[in-house]
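Let's take a walk through this one together. Have the sequence and the 3D view open, and follow along stop by stop.

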Amino acid sequence: MKKYIISSFLLFIPVILFSQTTFKGMIMDKNNPKDNLGVADVTVHWLNTNVSAITNNKGWFTIDYKLEYKKLVVNYLGYKTDTLTIKNLDPIHHYITPEGNLDEVVIKSKRNAVQKSFLSTANMFTVNAEELLKAACCNLAESFETNPSIDVSFSDALTGTKQIQMLGLTSPYLSITQENIPSVRGAAQVFGLTFTPGTWVESIQITKGAGSVVNGYESISGQINAELVKPFSDNKFFVNAYGSLDGRFELNTHFNQKVSDKWSTGVYIHGNYRGEKFDKNNDNFLDSPLSDQINVMNRWQYVDAEKGWVCFINVRFLNDEKQTGEIDFNPSLDKGTTNAWGSEIDTKRFETSAKLGYVFPELPFQSVSLQFAYSNHQQDSYFGQKIYDIEHESIFSNIIFNSIIGDTRNKFKTGLSFTHDNYQELVNITDYDRKETSAGAFFEYAFDNLNDFSLTAGLRIDTHNLLGTFVTPRIHARYVPWENSVFRASAGRGKRSANIFAENQQLFASSRVINIDDVGGNIYGLNPEVAWNYGVSYMQRFNLFNKKGDVTFDFYQTDFSNQVVVDWENPQEISFYNLDGKSIANSFQVEVNYNIAPYFNFRTAYKYFDISTDYTSGNLQKPIQPKNRFFANLSYETPVKENNAHWKFDVTFNNIGEQRLPSNVNSLGYSDPYQLLNSQITKVFSDKFEVYVGAENLTNVQQKNPILGSDNPFGSNFDSTIVYSPIFGRALYTGLRFKIK
């Protein structure tokens, strides 16, 4: 019933009426129109009166009004004083202009590596490049090691691929975008996060719970959006070299050039290589795959702030090759035979995207933008004697119009979207080809009273050739009950088609028989996944011993109306079938951030998960999912000396609780808890050069016998999918960064 109440509420967004006993307006900076940011602490007063007001942190003011008041004076230090003639009580949006011949004043401040906003309606926070540099961060999958909201683990014992989870659900239930264009989806679901190098990332925005309807209908547990570095603002030249004792070497280079006053371009090259074989646990299998990747992107940026135009064009090509399996496996001799078990995963990906935005110069709150993306993802792979090939061609487009209703307290976004996916998928000798096409329209309303309450409510309708026509409602609300606190709530519905093979490729590295309980659905004979997500969050800032801190409490529940259940409980098979009963994921997190001393920060979090599903064998907790996790991070920087020279120290601790194991893992039932410790030290010599050394898994945790039946990989008991702790053990690394601004 509550789902229909929410849907009905979104259809009837109330009209807000305001009293006309006061006059309102917004003051903005003429030199910064494209960011639509108001100027705080601007003084306004009625001419020849003592009636005045000051703008708030969003640039808004409210001033008492009488009929005889006609002239409003706007005054701000360093800017021209303006006198405005007021003819009616419609709210104004006025630009102030800097005075000429002023000496330049540069004010520098260090922003937080992780920024939590009190003003955003959704439960969102931003991870900046400074936070990403606290760890090796060689790719996007490894960008969350110091973040307690994202859990990172290995998907299997062979490919070395790290997977992420949020709210206890794996990445397919997240909307993962690159500058708000869908990126990690479909065929790229397992390895896609490893295809974005960490040095290309400027910041990451993480939203918990139901996302925005603007970004599509697929998001269920949240959204991760990666903003890439911009040619206009990135270093003219940058190089990052990395090497580790596990045989992994990487090189990243950036070349940026300003072509004209409005055009800038950048070429970004990434390469990684691992050619040394390791078998520390003596099971005759590689602990980490041999790999070779080349990744090249060309990026163009156009900015005409005066006329309101912004444009980005990206072109990228990637070639990624992996080999894993037994130590003595030789692809040229052993492929397709039972001489030795081995696997090769070769991926080629081409993608291009364009974003064009126009901000109305005299109406900075009004804009229109167009997004377009094309990608071709081709993976040719085999696992022992099993074949898995997939080619995924995707087209995405989105047009968005932003404006206001009355004044900027009432904003809206509306637009149209189109997506086309062509899958050519081969599993052994069976083709699973399909085409998916969807077209949708959306409307999102946002209200902000500029003080203690804001609300975002959205609705979209999509028609899909395989999923039918359906409605997606989502709502977010924010309330400030008292000073330095914020309460948020959200609810929303998501729907998606499960790519059962692309999302579960680890199943091929086992002797399990694949079963699909075909019930007449349109995708693999299965029905689409549908879920509602509800969440509440409370954050309180505090001062303790004159040092700043904050504490956050989150609770989210994901309730599946239908889910494609992945059943591992039978040791001889893996089954996919539609949910018959209940599947609920509950996630609770408490997080504390505290500035212990200048340059010395502490972050800690505790998380509890209760994730259960009705399997054919009964209701069970999700396997290989700890119920309890504890996280702590300490970071310290020495005071900055001349030429920016200083030291950085970072330590991250994780305690992973026991995990339920599928029934085929002997009679263990649950894994033992374990502790992980990562650390990194960085020496910044100057603005141009720094070196770093670090270690992952300093506690040297290693799972014993991670590959079941490793002595007979072509036998009926071979299984490399039951991985609940690290495989490799302690890994030491070092690197350097050099840049020319």
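Two strands count as paired if DSSP finds at least two bridges between them. With that in hand, and keeping in mind that what you're looking at is a predicted model, start with strand E2 (residues 43-46) and strand E5 (residues 71-75), which run antiparallel and are joined by four bridges. To see one spot along that pairing, find His45: it stands opposite Val73 in E5.

E5 has another partner too. Four bridges join E5 to strand E6 (residues 82-85), and these two also run antiparallel. Here you can look for Leu72, whose bridge partner in E6 is Leu84. How many residues lie between E5 and E6 in their hairpin? There are six, and in the turn sits Gly78, with a positive phi of about 90°.

Next, move along to an open sheet of six strands. Its order is E8-E9-E15-E16-E13-E14, and the pairing is mixed. At the edges you'll find strand E8 (114-116) and strand E14 (181-182), each of which pairs on one side only. E14 is joined to strand E13 (residues 174-178) by two bridges, and the two run antiparallel. Among the residues to pick out here are Thr177 and its bridge partner in E14, Pro182.

Staying with this sheet, zoom in on Glu227, which has its place in strand E16 (residues 222-228). Is Glu227 buried or exposed? Glu227 counts as buried because its relative accessible area is 16%, and the cut-off for buried is under 20%. The side chain of Glu227 has polar contacts with two other side chains: that of Asn225, at 3.4 Å, and that of Lys230, at 3.2 Å. Leaving out residues up to four places away in sequence, Glu227 also touches Glu179, Trp200, Val201, Glu202, Ser203 and Gln205.

A bit further along the chain is Arg248, in strand E18 (residues 248-258). With a relative accessible area of 15%, Arg248 is buried as well. Which side chain does the side chain of Arg248 meet in a polar contact? It's Glu142, at 2.9 Å. Glu142 also turns up among the residues that Arg248 contacts beyond its neighbours within four places in sequence, and the others are Cys138, Asn139, Tyr242, Gly243, Tyr273 and Arg274.

Now for something on the surface. Tyr479, Phe487, Val536, Phe553, Phe555, Phe588, Tyr606, Tyr608 and Phe630 make up a nonpolar patch there, and together they have about 730 Å² of accessible area. Strand E33 (547-562) and strand E37 (600-615) each supply at least two of the patch residues. One to click on is Phe553, found in strand E33. Phe553 counts as partly exposed because its relative accessibility is 38%, between the 20% and 50% cut-offs.

The last stop is Gln703, in the loop between strand E42 (689-696) and strand E43 (731-740). Even though it sits in a loop, Gln703 is buried, with a relative accessible area of 5%. Its side chain reaches the backbone nitrogen of Tyr724 at 3.0 Å. Setting aside neighbours within four places in sequence, Gln703 is in contact with Ile722, Val723, Tyr724, Ser725, Pro726 and Ile727. For a sense of scale, compare Gln703 with Gly38: they are 665 residues apart in sequence and 54 Å apart in space, C-alpha to C-alpha.

Notes:
Residues numbered from 1 in each chain as written. Predicted model: local features only at pLDDT ≥ 70, side-chain atom pairs only at ≥ 80, totals over all residues. Heavy atoms only, no water. Buried < 20%, exposed > 50% of the residue type's maximum accessible area, 1.4 Å probe, protein only. Contact = heavy atoms within 4.5 Å. Polar contact = N/O pair within 3.5 Å; in protein donor to acceptor, adjacent residues only side chain to side chain. Patch = residues over 30% accessible without salt bridge, like charges linked within 9 Å, V, L, I, M, F, W, Y side chains within 5 Å. Areas by Shrake-Rupley, 256 points an atom, 1.4 Å probe, with all protein chains shown as cover. Salt bridge = Lys/Arg side-chain N within 4 Å of Asp/Glu carboxyl O.
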